[in-house]
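Here is a short report for someone meeting this structure for the first time. Please keep the sequence and the 3D view side by side as you read.

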Amino acid sequence: MFAITVLILAVFLLFRLGILLVQKYHDARGAGRSFKRMLKSGALDAQVYEEAVWSEVEHFGKKRLRAKISREQQRIIRAAKTQMRDDFLDDIQPGFYQYIIIFLIASILGLVLEMVWMFVMFGIVESRVGLVWGPFSPLYGFGAVLLTMLLWKLRKKPWWVIFVVSAVTGGLLEQGTGWCMEYFMHAESWSYLHLPDHISQWVAWRFLAIWGCIGIAWCKVIMPELIYRIGEPTTTRQMTVVTLLTVFVAADIAMTLMCFYRAGKRQEGVPPRNPFEVYVDTHYNDEFMADTFENMTFTGPQR
């Protein structure tokens with residue numbers, strides 16, 4: 001789990017680096033949507049082109065003038081962009097719209113990276129999904145949302161505060177998830193009992209430290225830019241799509257929990273009590289659960 005979490009963090013950091021490089025390129029040439037938006041809104045004025053060097057370039061048969069902005073003016077542009085982003089972040093409080101998008105991104109990215117990790121490290125293609133419908137690994141999604149909710153108001157606090165909160169959050173998330181999977185679903189996905197610094201079956205000191213570092217990187221580097229890029233919904237279509245996705249994910253989680261519940265009851269020899277449980281046993285039987293959740297054990301914890 002932690003290897004994949006670190007990979008997710010690395011992907012977000014690479015994405016952030018890519019954005020910085022693209023922005024630097026646009027700033028040097030007076031291009032890009034954000035640059036034009038600042039000119040239109042008055043955040044920048046025509047003086048930004050002072051001392052610019054102009055050249056004529058041809059794209060797809062059309063000749064255009066391209067500016068090469070001076071370094072001093074580039075610093076002014078970057079300062080204006082930073083101020084615009086900070087003003088937006090100070091005025092917004094992340095809510096339903098931002099959280100569901102973060103959940104989906106982290107869930108899908110976590111699943112893809114887990115499958116790639118298993119193939120690269122062990123040479124096997126294994127299903128790592130966490131829900132019965134769709135390509136989602138919800139633990140990563142819930143982790144990203146939980147970190148965002150807890151760290152949003154702490155993003156300007158000292159690093160050690162963020163480290164402690166993130167470490168405690170990560171430990172509680174792992175402990176709660178592992179315990180619920182074992183005692184309610186009769187399933188196990190990971191265990192730290194073989195590590196000398198384990199605190200419980202699902203929590204170890206080394207991983208608490210990693211959770212703390214992840215929280216710092218998320219809070220200081222990734223989360224502000226991600227929230228800024230997601231922005232706020234400006235059309236009815238955006239809210240409709242996100243609402244439909246939320247309904248689907250909620251139904252997916254509910255069905256998954258029922259499937260795990262019935263998988264445990266079947267092991268105990270408890271027959272279905274109503275038509276819905278009969279439907280679950282018929283369409284989501286033990287073979288389906290074993291094939292879909294290949295990384296989990298359904299016969300009790302293997303310690």
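Which element supplies the largest share of the lining of the second largest pocket? Helix α1 does, with eight residues. Bear in mind throughout that this is a predicted model.

## The second largest pocket

This pocket holds about 660 Å³ of space. Its lining counts 23 residues. Q23, S34, E225, Y228 and R229 lie nearest the centre. Four elements give two or more residues each to the lining: α1 (2-29), α2 (33-41), α3 (71-91) and α7 (205-230).

What is the make-up of this lining, in nonpolar, polar and charged residues? The table gives the split.

| Kind of lining residue | Number in the second largest pocket |
|---|---|
| Nonpolar | seven residues |
| Polar | six residues |
| Charged | ten residues |

## Two residues of helix α3

Start with K81, a residue of helix α3. Is K81 buried or exposed? K81 counts as buried, because its relative accessibility is 10% and the cut-off for buried is under 20%. Leaving out residues up to four places away in sequence, K81 touches Q23, D27, S34, F35 and M38. Two of these names, Q23 and S34, have come up already: they are among the residues nearest the centre of the second largest pocket.

Now take D86, which also sits in helix α3. D86 is partly exposed, because its relative accessible area is 30%, and that value falls between the limits of 20% and 50%. How far apart are D86 and Y228 in space? Their C-alpha atoms are 9.0 Å apart, while 142 residues separate them in sequence. Y228 is another of the residues nearest the pocket centre.

## The nonpolar cores

Turn next to the nonpolar side of the model. The largest nonpolar core has 46 residues. Within this core, F12, I102, L151, W218, M223 and I227 touch the most other members. At least two core residues come from each of α1, α4 (96-122), α5 (138-151), α6 (159-185), α7 and α8 (236-267). Which helix gives the largest share of this core? Helix α7 does, with twelve residues.

F12 shows some of these contacts. Setting aside neighbours within four places in sequence, F12 is in contact with I105, L109, W218, I222 and L226.

A second core stands separate from this one. The second core has ten residues, including C259, F260, V280 and M289.

## To recap

Helix α1 gives the largest share of the lining of the second largest pocket. Helix α7 gives the largest share of the largest nonpolar core.

Terms used. Residues are numbered from 1 along each chain as its sequence is written. This is a predicted model: local features need pLDDT of at least 70, side-chain atom pairs count only at pLDDT 80 or more; totals for chains, interfaces and linings use all residues. Side-chain values use heavy atoms; hydrogens and water are left out. On a 1 Å grid over the protein atoms alone, a cavity is a set of points where a 1.4 Å probe fits but cannot get out, and a pocket is an open set with protein on both sides within 12 Å along at least five of seven lines; lining residues have an atom within 4 Å of a point. Grid points are joined across faces, edges and corners, and a volume is the space filled by probe spheres set on the points. Ala, Val, Leu, Ile, Met, Phe, Trp, Tyr, Cys and Pro count as nonpolar, Asp, Glu, Lys and Arg as charged, and the others, Gly among them, as polar. Buried means under 20% relative accessible area, exposed over 50%, partly exposed in between (1.4 Å probe, protein chains only). Contact means heavy atoms within 4.5 Å. A nonpolar core is a set of buried Ala, Val, Leu, Ile, Met, Phe, Trp, Tyr and Cys residues joined through side-chain atoms within 4.5 Å.
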